[in-house]
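Here is a walk through one chain, going from single residues out to the overall fold and back again. Keep the structure open while you read.

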Amino acid sequence: MNYPIWDVPLIGGGMVIAIIAIVHVFVSHFAIGGGLYLVLTERAARKAGDAALLQFAKDHTRFFILVVLAFGAVTGVGIWWSIALVNPEATSTLIHVFVWVWATEWVFFLVELTAAMLYYYGWDKMDARSHMAIGWIYAVAAWCSLVLINGILTFMLTPGRWVESQSVWDGFFNPGMLPSMFIRTAACIALAGLYALITGTLVRDERARERIVRYSAKWVMAGIIVMPFFGAWYVAVLPPMAWEITMGGAPVVTMFATGSVLFTALVLGGALIGPYLYPKQTHCTYALGLAVLGLMAVGSTEWVREAVRKPFVIYDHMYSNTIRVSDLNKYSMTGLLANARWEVPTPAERASPVKLGRRVFRAECLACHT
């Protein structure tokens, strides 16, 4: 209630966040899994003396840098821009509660950027051992960034004891933190394989292409196969109302949850019957199709994760319209508009129930009902 309302016609501010965030998640998880893919592929190539695989790793690094450091960085900034406009109160809360977690993550992010550039430019300038050491530094720093941001994201749905204790440790190590961390790690591995299939299918040498495509398909399948186990763990810690919403309480959410499972299964099946079993016949168009299915799986999953939080933006602490649970009694006594600093009715609006209702709708309902 302390900030102006950013009203995006028709789609609403939440959809703006979703569009930017889903694309960013699809890229950022590749940034984490792709780093591990590169260093392990380089290690395997050097160990086997496979010049073609080593050349592929070098070429894939250029693709990796362009996607992650250029496009991924822009979408990351876009998330901060959009959430600060749509829900500045919640954004401020996340910053204040986890200020040192954010600071630590930014250090790891700086290490990532530095290591990624050194890894890319060091292919022909470093000895093999030093080059792979840089690759491992990147992979570890990137995964640490995931761990830190994951703890903050899961806090919004499963804050656990933090609601009473207000302890940053209770907030970070919330009930959903560990299962979500494993799910996202598995997704990083799968996405590393999906992206590698795109560049792998473009390798000209037929025998090398066959090995690389099948190798990348194994990454996709390995990541997806373990997801149901961690998914069951994650579901077990969800708030009861969030589970009810997913299982039919909100039909649209149920539809997207079904889509998440369906698209993920299609990626798994597509990786098996295409690049794994028939790597020679797998074309780049097929790999791009799998990537689109992967994006749809990520989009459906992230949409459900956000939707089951309703009507909260931080569960049991702050509603989507920025009203804190602890302030409900005050609002009931004084009225909503008396506390909404940027929704001050004019005398003409006070005389019209419809116009006054529009003010109430903007302040109280617009966050969810676009």
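Ala 363 counts as buried because its relative accessibility is 6%; buried here means under 20% relative accessible area, exposed means over 50%, and partly exposed is in between (1.4 Å probe, protein chains only). You'll find Ala 363 in helix H16, residues 353–364. Helices (H or I, at least four residues) and strands (E, at least two) are DSSP runs, numbered from the N terminus. Between the C-alpha atoms of Ala 363 and Thr 41 there are 53 Å, with 322 residues separating the two along the chain.

A quick word on ground rules: this is a predicted model, in which local features need pLDDT of at least 70 and side-chain atom pairs count only at pLDDT 80 or more, while totals for chains, interfaces and linings use all residues. Residues are numbered from 1 along each chain as its sequence is written, and side-chain values use heavy atoms, with hydrogens and water left out.

**The chain as a whole**

The secondary structure adds up to 16 helices and two strands. Along the principal axes, the C-alpha atoms fill a box of roughly 80 × 40 × 35 Å. The radius of gyration is 23 Å, which agrees with the value near 21 Å for a compact globule of 370 residues; it is taken over C-alpha atoms, and the globule rule is 2.2 Å times the number of residues to the power 0.38. Of the 370 residues, 49% count as buried. Take the contacts (heavy atoms within 4.5 Å) between residues at least 6 apart in sequence: 74% of them join residues at least 24 apart.

**Two cores**

In soluble globular proteins, nonpolar side chains tend to be buried together. A nonpolar core is a set of buried Ala, Val, Leu, Ile, Met, Phe, Trp, Tyr and Cys residues joined through side-chain atoms within 4.5 Å. The largest one here has 58 residues, and the members touching the most others are Phe 98 and Tyr 138. Its top contributor is helix H8 (residues 177–200), which supplies eleven residues. Apart from that core lies another, of twelve residues, including Tyr 234, Ile 245, Ala 257 and Val 308.

What does Phe 98 contact, leaving aside neighbours within four places in sequence? The partners are Ile 152, Phe 155, Val 168, Gly 171 and Phe 172.

**Helix H9**

H9 (residues 206–225) has 20 residues and spans 28 Å from first C-alpha to last, close to the 28 Å expected at 1.5 Å a residue; the expected span is 1.5 Å times one less than the number of residues. At the N-terminal end, Asp 205 acts as the cap, with a side-chain oxygen 3.2 Å from the backbone nitrogen of Arg 207. Among the buried residues of H9 are Arg 209, Ser 216, Trp 219 and Met 221. The helix's buried residues pack against helix H1 (13–48), helix H2 (51–86), H8, helix H10 (227–236) and helix H12 (251–276).

**Phe 71 on H2**

Helix H2 also holds Phe 71, which is partly exposed because its relative accessibility is 43%. Not counting residues up to four places away in sequence, Phe 71 touches Val 23, Val 27 and Leu 66. The C-alpha atoms of Phe 71 and Val 27 sit 8.0 Å apart, although these positions lie 44 residues apart along the chain.

**Backbone oddities**

Most residues other than glycine have a negative phi, and most peptide bonds are trans. Here are two exceptions on the phi side:

| Residue | Phi |
|---|---|
| Gln 166 | about 60° |
| Thr 322 | about 75° |

Gln 166 lies in the loop between helix H6 (162–165) and helix H7 (168–172) and is partly exposed, at 47% relative accessibility. Thr 322 is in the loop between strand E2 (318–319) and helix H14 (328–334) and is buried, at 14%.

The peptide bond from Lys 310 to Pro 311 is cis, with omega near 5°. Pro 311 belongs to the loop between helix H13 (284–307) and strand E1 (312–314).

**Cysteines**

How many disulfides does a search of the whole structure find? Zero, where a disulfide is a pair of cysteine sulfur atoms within 2.5 Å. Why is Cys 368 not bonded to Cys 365? Its closest cysteine sulfur, in Cys 365, is 8.8 Å away, too far for a bond. Cys 368 is partly exposed, with 34% relative accessible area, whereas Cys 284 is buried, at 13%.

Key:
Polar contact = N/O pair within 3.5 Å; in protein donor to acceptor, adjacent residues only side chain to side chain.
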